Amino acid sequence: GDASGDFKQLAFRRVAGAVAGVDPIRAAAWAESQRGGQWGVGLARMVTQKWSEQDGQSAMEWLRGLPDPGSADVARAFEEGYRTWLNTDREAARAWLYEQELDSSLDPVVAIHARSTAREDPEAAIPWAARINDEVRRNETLEKVAQAWIHRDPDAARVWLEKGELSDLAVQRVYASRERAKERAKAKGAKRAARKRAGAGK
């Protein structure tokens with residue numbers, strides 16, 4: 001039944017992850033042999049995640065060479081793998097991306113890169129987000145970058161938001177995220193003050 005199918009899928013993914021931790025090239029070959037099969041979904045992601053901890057470039061090149069680099073399954077693998085690589089060796093991950101000819105299969109990678117860049121320099125992240133081919137992903141990423149920007153530099157972010165790159169609804173969400181952050185900060189400050197008062201009263 002379904003339960004045994006779910007279990008088998010999980011087992012395949014576990015095996016893929018475990019083998020990839022020791023011998024990623026072998027794990028990749030096995031995952032590739034299962035592609036299109038009943039249990040093949042999610043294997044590329046498991047392999048890529050483990051492989052990216054050791055050699056992000058090889059993992060990315062492997063995904064690019066798959067016959068269906070634009071599929072949802074591989075998109076998730078690109079996302080997880082590139083995120084792992086960025087966390088492991090940011091400089092190498094970024095250098096690799098800068099050298100690529102961008103096509104739609106790299107949209108997930110560009111989105112992760114834009115969001116990561118937005119934490120340090122939202123303005124520099126905008127052109128990256130704008131290069132995403134898929135409209136839905138592009139707009140989602142631009143919105144996330146705008147949220148990061150409005151927290152860091154509200155005035156500059158407002159100027160960009162007024163250019164109309166985002167839908168009115170998305171702009172409203174960006175402003176709402178700033179208000180929520182302000183409320184959280186206020187609540188934190190009030191808690192801290194209350195703790196201080198409680199301590200002083202002892």
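This is a short chat about the predicted model shown above.

Me: Hi! How many helices and strands does the protein have?
Reply: Hello! The predicted model has 10 helices and 0 strands. From the N terminus on, the elements run α-α-α-α-α-α-α-α-α-α.

Me: And what share of the residues is buried?
Reply: Buried residues account for 39% of the 202 residues in the protein. The accessible surface is about 11700 Å², and carbon and sulfur atoms contribute 49% of that.

Me: What about contacts between residues far along the chain, how many join residues at least 24 apart?
Reply: Taking contacts between residues at least 6 apart in sequence, 56% join residues at least 24 apart.

Me: Let's look at a helix pair. At what angle do H6 and H8 pack?
Reply: Helix H6 (residues 107-120) and helix H8 (residues 135-152) pack at about 5 degrees, and their axes are 9 Å apart. Angles under 35 degrees count as roughly parallel, so H6 and H8 are roughly parallel to each other.

Me: Which residues make that contact?
Reply: On the H6 side they include Asp107, Pro108, Ala111 and Ala114, and on the H8 side Arg137, Thr141, Lys144 and Val145 are among them. Glu120 of H6 takes part too. By type, the contact residues divide into 6 nonpolar, 1 polar and 7 charged.

Me: Switching to charges, how many salt bridges are there?
Reply: The count comes to 9 salt bridges. One of them joins the side chains of arginine 90 and glutamate 120, at 2.5 Å from N to O. Arginine 90 lies in helix H5 (residues 90-99) and glutamate 120 in helix H6, so this pair ties together parts 30 residues apart in sequence.

Me: Which arginine besides that forms a salt bridge with glutamate 120?
Reply: That is arginine 94, with the closest N and O atoms 3.4 Å apart. Arginine 94 sits in helix H5, so its pairing with glutamate 120 of H6 ties together parts 26 residues apart in sequence. Arg90, Arg94 and Glu120 are thus linked in a network of salt bridges.

Me: Are those three buried or exposed?
Reply: Arginine 94 counts as buried, at 10% relative accessibility. Arginine 90 is partly exposed at 29%, and glutamate 120 is partly exposed at 40%.

Me: Last one: where does the salt bridge of glutamate 179 and lysine 182 sit?
Reply: Both residues are in helix H10 (residues 168-200), 3 residues apart, which means about one helical turn separates them. Their side chains meet at 3.6 Å, N to O. Glutamate 179 is partly exposed at 40% relative accessibility, and lysine 182 is partly exposed at 39%.

Conventions
Residues numbered from 1 in each chain as written. Predicted model: local features only at pLDDT ≥ 70, side-chain atom pairs only at ≥ 80, totals over all residues. Heavy atoms only, no water. Axes fitted to C-alpha atoms, helices over the stretch in contact; angles between N-to-C directions. Helix = DSSP H or I, 4+ residues; strand = E, 2+ residues; numbered from the N terminus. Parallel < 35°, antiparallel > 145°, perpendicular 65-115°, else oblique. Contact = heavy atoms within 4.5 Å. Nonpolar A, V, L, I, M, F, W, Y, C, P; charged D, E, K, R; others polar. Buried < 20%, exposed > 50% of the residue type's maximum accessible area, 1.4 Å probe, protein only. Areas by Shrake-Rupley, 256 points an atom, 1.4 Å probe, with all protein chains shown as cover. Salt bridge = Lys/Arg side-chain N within 4 Å of Asp/Glu carboxyl O.
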